[in-house]
Structure formats: C-alpha cells, structure tokens
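Please open the model in your viewer and keep the selection panel at hand. The stops below are meant to be followed in order, each with something to select and something to look for.

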Amino acid sequence: MSECNYLYGNYCAEKRVTVLSQMLDFCGIEKDRLRARWVSSAEAPEFVEEINEFIDVLKPLGPSPLKKQTSKDVA
Amino acid sequence: MNMNDLILYEEPRIGVFVCDCGSNIAGHLDCADVAEYAKTLPNVVYVKENLYTCSEAGIVEIKKAIKGQNLNRVVVASCSPRTHQPLFSSSCAEAGLNPYLFEMVNIRDQCSWVHMGKRDDATQKAKELIRMGVAKSAGLEPQEEIESSLVRKVLVMGGGIAGLSAAQALADMGLDIMLVEKTSNFGGLLQQVHQLDTGGSARALLSKIIDDVQSRSNITCYTKAIVKETGGYIGNFEIKIDTQNGLIKDKVGCIVVATGAVPLIPKGLFGYDGETVISLMELEQKLKKDDLTARRIVFIQCAGARTKEREYCSRICCMIGVKNAMIVKEKYPLIDVRILYRDMQMYGTHKEQMLWDARGKGIQFDVYNPDNPPEVKEGKVSFFQSITGKIIDLDTDLVVLSTPLVPRSDAPAVANMMRVPTDQNGFFLEAHAKLRPLDFAADGIFVCGSGRYPATSTEARTQGLGVASRVAAILFKDKLVKSAIVAKINPESCVGCKACLTMCPYEAITYNRDKRICEINEILCKGCGNCAATCPSHSAQLCGYKPEQLLAQIGAA
Amino acid sequence: MIDIVRQKISKLLSDGSVKGVVALAMANGHVAPCLFQKEDDLEPLCLGDTKKPGDARYPLNKVLITIARQYPEDVFGVLVRGCDERGLYVLYRLNQLEPDKVMTIGIACPQELAKACECKKPYPDELVAGEKTEGITQQGVQDMEDMDLSKRFSFWKNQFSKCVKCYGCRDICPMCFCRECSLECEDIISKGELPVDIPVFHLTRAMHMTDRCIDCGLCDETCPSGIPLRLLYKKTSKIMNAEFGFTSGINKNEQSPLNLMGPAPEK
C-alpha cells in the first residue's frame with residue numbers, strides 16, 4: 001500500500017471504498033460486487049489471480065438486479 | 001482564440017491505427033477484423049492497419065492521415081503507452097495536431113499477451129478496448145505545455161561513493177554542485193571497506209575521487225551539514241542547509257539523494273559479541289589493520305536478513321562474504337574457511353565466476369536451512385548438513401556474520417521532507433524499477449547508491465554517473481517543458497472548501513484569500529488526481545482525465 | 001426560553017458585537033428565516049415551534065453563508081440548535097464560514113424533539129437557553145441493519161423509486177454549498193428521466209454527505225415523496241464513526257479522515 005507512485009492516492013481511495021461498500025450493503029446490494037485491490041504493473045500473476053478470484057465471487061451473484069438494458073453488444 | 005480552441009467546436013474526426021506489431025499482436029488476434037470493427041465506431045473517419053505503427057513507415061502514415069483526412073483525434077491501438085506514447089503523440093504534434101488529442105489503446109499487453117491462445121476472446125477484447133479509447137478520445141481537449149525557467153545548480157545529498165561520483169560527473173559537465181555530507185568525512189560506507197570486490201584498495205579509490213571532488217571549483221563541499229528543508233519544484237527547488245557556518249539558503253534545479261544505507265549490527269544474533277563473533281564490516285576492519293589471528297573462520301550468510309522482520313535479500317553480502325573469504329585464504333592459506341549459506345546470490349557472471357574461484361581456493365561451502373539455523377557455541381558452530389543428514393560441529397575461533405544493509409534511521413525523515421516514497425523495507429522507491437530506475441516519481445529528484453537498495457561500490461558509482469546524465473538531460477535545456485497532464489481548478493465553481501488542499505501530496509495547491517478559491521501550481525502538480533477525486537463540485541479536474549472523458553470511456557465498455 | 005434568546009440577541013445588537021442576527025420570525029402565520037438588525041425589531045422572533053417543538057426549522061447556516069459571502073468582514077449572529085452548531089463546525093472546516101465572524105445563540109432541543117430525531121447531541125456546546133437533554137441511540141439504523149439483505153434491497157428500491165428528482169434534499173441541506181453539483185452532472189445522472197438512476201442518485205449524494213452530514217433531518221422533512229434520506233445519511237455517519245472514529249461536527253477543529261492523506265487513523 002505504501003508504494004503508490006503518487007504517494008497517498010491509494011489510501012484515500014481505500015477509505016472511500018470502505019464507506020461505499022458498507023453503504024451498498026445497507027441498501028441491500030451485495031458488497032462483494034465492489035472490490036479494490038492494489039496491484040502494481042510488475043505483478044502480473046497477482047493481477048490475474050485477483051481478477052480470477054473476483055470472477056469466482058461475481059459469477060454466483062449474477063447480473064445486478066439494477067442493471068439497465070443496454071444494446072452495446074459488439075457486432 | 002487560437003486554432004487549438006477551435007478543435008473543441010469541431011465534430012471529432014478520429015483516425016484509428018491498429019498495429020500488428022509483426023506477429024506480436026497479429027499472431028494472437030485478428031487485426032484485420034479489429035480494424036474493420038473500428039470503422040463502425042462513432043466519429044471514426046479513417047482506419048489503418050500497420051505492420052509496425054511505430055516504424056518510420058507507420059509514423060508517416062499517421063502524419064499523412066492527419067493532413068489528408070483532416071483528423072482531429074488520433075487513436076493508436078498497439079503496445080504500452082509507457083514506452084510508445086511519447087513517440088506517437090510527438091508525431092501527431094509534428095503533423096500539426098495538438099499532442100494531447102492522441103489516445104493510446106494497449107492491445108498487446110492487454111489482449112495478445114494475456115489472452116494468448118484464445119484468438120476470439122483476444123479479438124473481442126481488442127474491439128472493446130478500442131471502442132473505449134475512441135469514446136474517450138472524442139472528448140479530449142488540446143493542452144498547452146507548461147514552461148518554466150531552470151536553475152543550473154544541483155544539490156547532492158550524501159558524500160559516499162554514489163554522491164561523489166554524481167558530483168564528479170556533474171562537475172565535468174560544468175554545472176554547479178552543492179555536495180552535502182552529514183558526517184565530517186566524505187566516503188560513506190566505503191571508508192570501512194578494506195579491498196574492493198574488483199581488486200584494489202577501497203581507500204586508494206576513495207582518496208582519488210575525494211581529492212578530485214575537493215579540487216573542483218564548481219563543487220562546494222559541506223561536511224557536518226544537513227539539508228533542513230526543500231521546497232519549490234523541478235528547475236527551481238528552494239533549499240536550506242544547516243552547515244558548520246550557519247544556515248545557507250539557495251536555489252537548485254535538481255536534487256540527488258545519495259544518502260546510503262548502514263550495515264545491520266547483529267545484536268543478539270548467533271552470539272554476536274564483536275570479538276569472536278563479528279560482522280562482515282568488522283572483519284573488513286581487521287583485514288585493514290592486518291590483525292587477523294584466527295585459525296578457523298566460519299561465515300554465516302543471511303544473518304538477520306530474509307527473516308520475518310527483514311524479508312528482503314541485501315544483494316551484496318554473498319559477494320562481500322566470498323570476497324573476504326578469498327582475501328583471507330590468499331593471505332593466510334592455512335586458515336580454514338567455511339561459508340554457511342542459504343542460497344548464494346552472486347549477481348552477474350563475473351561474480352558467479354568468483355564463487356567458482358573461491359571453491360577452487362579450498363573455501364568450503366555448506367548450505368543451511370533457515371528453519372534449523374546454525375548454532376554458535378563457545379569455540380564451535382554446529383549446523384545440520386542436509387546432504388549427509390548429520391549435525392556437523394565445526395571448531396572455530398572466529399565467526400563472521402554476513403549482515404544486510406538496512407535503511408538509515410533518518411531515511412523516513414528525508415523521504416518526508418522531499419515527499420518521495422520508500423518501499424516496504426524502508427529504501428527509497430524509484431519511479432519504475434526498469435524504465436526509470438534512478439528517478440523519483442517527483443520530477444527533478446533522483447536517487448542513487450545504497451539508499452535505493454544495497455549496491456556494490458561499482459554499482460553505486462555507476463548509478464551516480466547515471467543520475468548525472470538524468471540531471472543533465474533536464475538542466476541543459478533552455479527551459480523546462482512540462483507535461484500538461486495536470487489538474488486545474490475552475491475558479492467559477494470552486495467554493496474554496498480547501499478539501500483538495502490537504503489531499504495534495506505535492507503541496508501544489510494554495511488558497512487564494514482574495515478570490516476565496518483554491519489554485520494549483522502547474523509546475524508542482526504531478527497529475528495524481530487526488531484533488532479531482534476529493535472535490536465535491538468537480539471544480540478540480542485532471543486534464544486528459546476529466547469525468548466526462550472517463551465516463552465516455554466507461555460508458556463504451 | 002424565547003425571552004432569554006431575545007435578550008441575548010438584543011444585547012449583541014445593541015453593543016455592536018454583531019452586524020445582524022440570523023434567526024426565525026413569525027409573520028402572517030408563517031415561520032421564515034429573518035436577519036434581525038435592530039434591537040427594537042425583535043417582536044416577530046420565534047424559535048421555530050408551531051404545533052410541536054422544532055416543527056418549523058430552516059437551514060439558518062445556509063442563509064448565513066449567503067450573507068457572509070457578501071459581507072466577509074462583518075460578524076453575524078445565528079440561532080443554533082445542537083445540529084446547527086455541528087453544521088457550523090463543518091462549515092468552518094470547509095472554509096465556508098469563519099469562526100471569528102460568527103456568534104452563536106444556542107438553544108437546546110426538548111426531549112420530545114431529540115427522540116423524534118434520534119439525535120445524538122440535542123444541544124449546542126455553547127448554550128444560551130433551554131436545558132441539556134440526553135442524546136438518543138440510533139435505533140433506526142440498527143433496525144435496518146438487522147433486516148436481511150433482500151429485504152433491505154426491496155425497501156430502498158421502493159423508496160428510491162419514489163424520487164421525483166426535485167433536488168429538495170440538496171437545496172435545503174445546510175451542508176450543500178457547492179456552485180456546481182454532481183447530481184446535475186449529466187454524465188452521472190440522466191436528465192429529465194424518471195425513475196431516478198437507482199442507486200446512483202441517492203448514493204452519490206450519500207457519499208457526498210459522508211463526512212458532512214450533521215443529522216439535522218431537514219432533508220427528511222423536505223422530501224415530498226417521504227424518502228427516509230436521513231436514515232441513509234445516519235448510516236454514513238455510523239460508518240465514519242466505526243471505521244475512523246470520526247463524527248462530523250462534534251469538534252470545532254475536526255479534520256475529515258477522507259480529506260487527510262495517508263491511511264485511515266488507528267481505531
């Protein structure tokens with residue numbers, strides 16, 4: 001955490017994420033849908049692991065019940 | 001109104017260049033299909049697939065299209081912006097397009113590399129990333145680069161081999177240097193070293209360099225002096241130095257941090273007593289004074305390193321241990337020398353050869369397991385020899401502990417004063433380990449020597465020279481030109497709540513009492529975006545990363 | 001109680017320590033904010049009680065900000081309850097008012113009002129009139145937390161669906177002073193469309209309230225659709241307290257943990 005290129009930005013983000021995730025939970029939205037992790041550009045395996053782990057968490061939750069219908073599917 | 005402002009009112013005409021990167025990208029995804037898709041995106045008027053967009057031919061294509069197709073935005077889908085953004089954006093500028101109207105999409109790292117072997121997925125993802133890049137580019141605004149003056153003077157903090165080397169090289173270039181050393185002598189850690197790993201005496205090397213540095217008219221030397229304060233910004237740092245003759249205030253263009261590191265004193269480890277169990281540095285002293293009386297010496301590597309509290313490898317102790325073992329063996333061939341190690345890390349082919357030479361000289365190496373470390377008792381070291389599965393007792397009259405270099409106790413204070421980061425071990429953290437190893441993220445401040453990470457004298461010297469060239473690249477320009485990717489505060493909507501002020505790690509924001517708003521010093525601003533994230537009314541925004549630009553990008557995802 | 005307040009205001013005006021006092025006046029059967037400037041014009045002064053205590057409150061701090069922006073050199077007095085005083089502390093922190101340009105006339109809320117508000121501190125630090133009453137625990141937030149996730153989801157979805165995007169909650173809020181509002185940023189909030197973007201609209205506002213809301217409850221009273229906004233913001237305050245030990249408006253020299261660099265302070 002203390003290795004942010006911009007010194008403190010990630011700490012600031014972490015604090016906001018803490019609040020937001022609990023607010024989502026309060027409003028009945030699974031807080032696991034929001035996740036913040038810090039992975040540097042030199043940590044490819046960690047990044048892949050994080051994303052795969054997150055996918056494993058998200059898949060069972062399914063699409064958000066609040067998702068709006070969009071028609072952005074790639075041709 | 002200049003031409004750049006007009007672009008804001010024109011319909012975006014976006015050109016997309018999809019790079020095959022030979023087979024690097026095209027080998028793993030369908031670039032032709034991606035290019036066809038890009039043609040269907042809003043505001044895209046021109047699409048070109050290149051074998052190598054970064055080649056001369058590729059660049060000519062971009063320039064030709066900007067003029068011929070009247071493009072006012074350019075998107076290149078290729079490799080990493082870290083390496084190639086400057087090339088492409090400056091090419092745009094050469095063709096008369098503001099370089100900030102360029103956007104890059106990384107379909108090599110993010111598509112062909114990570115989805116190798118999944119051609120359809122990689123192609124699909126490339127399309128989506130390009131769609132996002134195109135959406136963002138439509139909202140890009142032209143920016144003017146920021147210029148400021150430069151002071152052609154350099155502050156070097158630390159008079160060890162790294163700082164001395166930097167000062168020497170900078171002096172050769174004709175710059176003025178202020179060399180500040182905390183202790184009364186120059187030379188740093190190398191003063192304690194007997195012989196160099198490359199052969200030759202450390203003292204001889206040092207005195208040659210120190211004499212040279214002290215004889216230069218453009219190097220002002222301060223010993224027993226401490227840098228008290230640093231303010232200002234690249235090209236115009238304001239510094240205060242506490243010297244023996246009182247406080248000195250001055251202005252410098254760049255700052256070099258060469259404050260070094262210190263060897264760990266292995267108190268409480270392996271029965272360390274400074275007499276029969278000593279540290280590597282104490283052995284160097286003994287060799288220097290030539291009062292080695294021991295008959296059987298055991299080196300224990302990684303003493304106090306790679307442990308729970310100090311996880312890192314100090315890099316140079318294996319080499320120093322072997323170096324000293326060889327010096328002992330050469331001078332006193334009858335001394336029995338054993339080295340107990342966990343892994344030998346002899347960095348570089350030369351040093352690897354040194355290990356073989358050491359074995360050839362009859363120095364014995366034995367591996368030990370950190371879970372079952374050697375025990376030092378009176379006149380004896382016992383350890384578990386894994387090949388034989390036996391506990392071996394070695395009679396010994398001198399144990400040498402190879403201890404790591406650790407950050408100086410005042411490193412956090414220096415980091416704090418300069419507003420530069422340290423890593424999890426407390427060493428100074430460079431901007432990028434591979435791409436910018438001697439720079440700090442903060443412009444105009446550089447790092448060399450063991451303050452950054454344990455370094456041999458050769459490495460510290462090389463880094464010092466490297467830093468000198470980094471500094472020269474800045475200070476020999478006529479003026480400072482800085483990226484326009486900085487934050488701006490809209491004076492119309494700012495309510496002066498000062499929330500951004502406390503959030504700026506670079507102290508680039510000040511409060512204007514008369515106008516009751518916050519203002520940004522563009523030279524100090526590093527474009528981190530903390531203020532933009534904090535501002536409740538979107539008054540602080542980061543150029544090139546404005547909410548509408550990012551939201552357009554996200555919206556296209 | 002009103003007599004003590006009137007005396008205090010009269011004294012402040014007559015000895016010239018303030019240029020004017022922002023308080024409430026009753027005129028033509030209505031309660032409205034009023035800037036009192038002369039000691040002999042204090043007849044219509046009221047404390048905002050009509051049928052019940054505190055049922056006609058206004059964001060007097062917000063009125064004060066408007067006045068102070070025009071007359072930055074002058075000192076003004078303002079009638080405050082516990083929540084209003086907390087609001088002043090936040091406004092000092094956010095540089096919207098200067099502490100040495102504000103004099104408070106503090107009144108305590110009766111137990112009945114404190115209960116209705118579930119107010120943690122129903123009296124100001126500097127009390128002129130009224131008796132300090134006990135703070136009330138935040139049962140409403142607890143009750144909501146005790147519901148299961150799907151119940152909470154349908155509750156808030158129903159509540160948010162009622163929103164007509166009138167911006168009343170923002171306009172009445174004494175902690176909202178920005179010239180440009182995120183809730184009008186068309187990249188985040190669609191314009192001219194109902195239902196509102198759920199939960200983006202309300203959570204955006206909640207996130208902006210996180211280190212500011214002083215729990216005055218004016219949003220609740222104003223909302224024409226009866227959305228329990230205060231409950232939402234009470235939760236943000238609870239999080240801030242649990243995570244960072246911060247309560248907005250409790251200390252005069254407070255610093256919001258969200259606006260401090262570096263990691264969250266040790267709990």
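Which side chains meet in a salt bridge with D215(C)? Select D215(C) and R230(C), whose side chains form that bridge at 2.6 Å, N to O, where a salt bridge is a side-chain nitrogen of Lys or Arg within 4 Å of a carboxyl oxygen of Asp or Glu. D215(C) lies in the loop between helix 8 (200-209) and helix 9 (218-222) of chain C and R230(C) in helix 10 (residues 229-244) of chain C, so the pair ties together parts that are 15 residues apart in sequence. Helices (H or I, at least four residues) and strands (E, at least two) are DSSP runs, numbered from the N terminus. Both D215(C) and R230(C) are buried, a word that stands for under 20% relative accessible area, with exposed over 50% and partly exposed in between (1.4 Å probe, protein chains only).

Before moving on, note that this is a predicted model, in which local features need pLDDT of at least 70 and side-chain atom pairs count only at pLDDT 80 or more, while totals for chains, interfaces and linings use all residues. Residues are numbered from 1 along each chain as its sequence is written, chains are lettered from A and ligands numbered from 1 in the order in which they are written, and side-chain values use heavy atoms, with hydrogens and water left out.

**Chain C: backbone details**

Stay with chain C and select the loop between helix 7 (168-172) and helix 8, where P195(C) is found and where P199(C) is found as well. The peptide bond from L194(C) to P195(C) is cis, with omega near -5°, and a cis peptide bond also joins I198(C) and P199(C), with omega about -5°.

Next, select N95(C), in the loop between helix 3 (82-93) and strand 5 (102-106) of chain C. N95(C) is not a glycine, yet has a positive phi of about 65°, and its relative accessible area of 12% makes it buried. E118(C), in the loop between helix 4 (111-117) and helix 5 (139-146) of chain C, also has a positive phi, near 50°, and is buried at 18% relative accessible area. Most residues other than glycine have a negative phi, and most peptide bonds are trans.

**Between chain C and chain B**

Now show chains B and C together: 22 residues of chain C are in contact with 22 residues of chain B, contact being heavy atoms within 4.5 Å. The area buried between the two chains is about 1,800 Å², of which carbon and sulfur atoms give 52%; buried area is the accessible area (1.4 Å probe) that two parts lose on being put together, summed over both.

The count between chain C and chain B is two salt bridges. Select E98(C) and R516(B), which form a salt bridge with their closest N and O atoms 3.8 Å apart.

Then select H538(B), in the loop between helix 15 (530-534) and strand 28 (540-542) of chain B. Leaving aside residues up to four places away in sequence, H538(B) touches P547(B), S182(C), C185(C) and I188(C), and a polar contact of 2.7 Å joins the side chains of H538(B) and S182(C). A polar contact is a pair of N or O atoms within 3.5 Å; within protein, one must be able to donate a hydrogen and the other to accept it, and residues adjacent in sequence count only if both atoms are side-chain atoms.

**Inside chain B**

Hide chain C and look at chain B, which has 16 helices and 28 strands, and in which buried residues make up 54% of the 557 residues. Select helix 10 (residues 317-331) of chain B: 13 of its 15 residues are buried, so the helix is largely enclosed by the rest of the structure.

Select D366(B) and R338(B), a salt bridge whose closest N and O atoms are 2.5 Å apart. This pair links distant parts of the chain, with D366(B) in strand 17 (residues 364-367) and R338(B) in strand 16 (residues 336-341) of chain B, 28 residues apart, and both D366(B) and R338(B) are buried.

A last selection is D443(B) with K526(B), a salt bridge with the closest N and O atoms 3.0 Å apart. D443(B) is partly exposed at a relative accessible area of 28%, whereas K526(B) is buried at 18%.
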